[in-house]
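Here's a quick tour of a single-chain model, written for someone who'd rather see the contacts than the cartoon. Have the viewer open as you read.

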Amino acid sequence: MSLSRALVRLGYGTRKEVERLLADRRVTTATGVVLRERDLSAHADIRVDGAPLDPPPGAVLMLHKPHGYVCSTSDRPPLVYDLLPPRFLRRDPVMAPVGRLDAETTGLLLLTDDGPLNHQLTSPKWHLPKCYHVTLAEAVRGDEAERFASGTLMLSGETTPLRPARLEVCTPSEVRLTIHEGRYHQVRRMFAAVGNHVTALHRTGVGPLTLGELPRGAWRTLTDDEVTRLRDAVRAAKVAAKTAASTPAPDARGATDVSVS
Ligand code: URA
């Protein structure tokens, strides 16, 4: 692919704008050698106005989503894209959120321009564990962990019970919840189903990834090792889903949760 086409696909501008960037000698190697349309250079060695290029196609980002930001390309602002370089919305394919967090939910949000990977991470057929820190309006009663682990809890308006989920109590009104599916407003509705109310919801982990010390509003590109672990986790979730589909449904009383890696 030509340098200008690669820059257009990364969102650096229209074809005309990128041609102008090149003509203005703003695209260089790390050592300052000016690059032209037909020059070949390793992605990591290219600079625009002295800054390294955005990650190459197939990138996965982790964003620490703050409260109030919407996971959409075209909703009422503020959008999660306001926290990212504007080029990410212009990329082809676009850098898209992996699933959604409610505007009020904070924490770990993945984004990728790898459509097939995004599809695999959000497929309803299998699910990576997602871990949340939940603050509640009322102290827990004591039976919630058992009800969530039972595999029989029904959400209002739904016809299939929730898969077993694991609840760990941190303080009387703060818990850690790990779920293995992604239904609409799932965590908030789970607590509504047991007579409580979520006042704050923060996602701390998805599959093998945790938010760690990433500051609120900041983002980073996943390392190759993290992307490999994410892909491995999807493969394992697929195998687990296939095995579960070919095994008779367990007695709900004996259902157990799957531990988080
Ligand atoms: N469950 C919810 O209720 N909201 C989210 O944003 C994520 C999970």
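What follows goes from confidence to overall layout, then to the cores and the ligand.

This is a predicted model, so let's start with how far to trust it. Mean pLDDT for the chain comes out at 93, with 95% of the residues at 70 or more. The catch is residues 252–261, where pLDDT is below 50. That stretch still has 19 contacts in the model beyond near neighbours in sequence. Where pLDDT is low, the predicted coordinates shouldn't be read in detail.

On to the layout. The C-alpha trace spans about 70 × 40 × 30 Å along its principal axes, and the chain holds seven helices and 12 strands. Of its 261 residues, 27% count as buried. If you take contacts between residues at least 6 apart in sequence, 61% of them join residues at least 24 apart.

The domain assignment splits the chain in two, with domain 1 at 3–52 and domain 2 at 60–246. Their centres, taken over C-alpha atoms, are 36 Å apart. Four residues from domain 1 and five residues from domain 2 make up the contact. On the domain 1 side, that's two nonpolar, one polar and one charged by class.

Now for the packing. In soluble globular proteins, nonpolar side chains tend to be buried together. Here are the two cores side by side:

| Core | Residues in core | Some members |
|---|---|---|
| Largest nonpolar core | 25 residues | Leu61, Val80, Leu109, Leu110, Leu111 |
| Another core, apart from it | 15 residues | Val134, Phe148, Leu167, Val175 |

The five residues named for the largest core are the ones that touch the most other members. Strands β4 (60–65) and β6 (106–112), along with helix α7 (224–245), each supply at least two of its residues. Which residues does Leu109 contact, leaving aside its neighbours within four places in sequence? The list is Leu63, Lys65, Cys71, Val80, Pro97 and Leu101.

Leu101 turns up again at the ligand, which is surrounded by Leu101, Asp102, Thr105, His185, Gln186, Val187, Arg188 and Leu201. Which helix gives the most to this shell? That's α6 (residues 186–193), with three residues. By class, the shell divides into three nonpolar, three polar and two charged residues.

Definitions and conventions. Residues are numbered from 1 along each chain as its sequence is written. This is a predicted model: local features need pLDDT of at least 70, side-chain atom pairs count only at pLDDT 80 or more; totals for chains, interfaces and linings use all residues. Domain bounds come from an automatic or database domain assignment. Two residues are in contact if their C-beta atoms, placed from the backbone, lie within 7 Å. Ala, Val, Leu, Ile, Met, Phe, Trp, Tyr, Cys and Pro count as nonpolar, Asp, Glu, Lys and Arg as charged, and the others, Gly among them, as polar. Helices (H or I, at least four residues) and strands (E, at least two) are DSSP runs, numbered from the N terminus. A residue is buried if 20 or more other C-beta atoms lie within 10 Å of its own, exposed if 12 or fewer, and partly exposed in between; C-beta atoms are placed from the backbone. A nonpolar core is a set of buried Ala, Val, Leu, Ile, Met, Phe, Trp, Tyr and Cys residues joined through C-beta atoms within 7 Å. pLDDT is the predictor's confidence in each residue, from 0 to 100. A residue is near a molecule or strand if its C-beta atom, placed from the backbone, lies within 6 Å of it.
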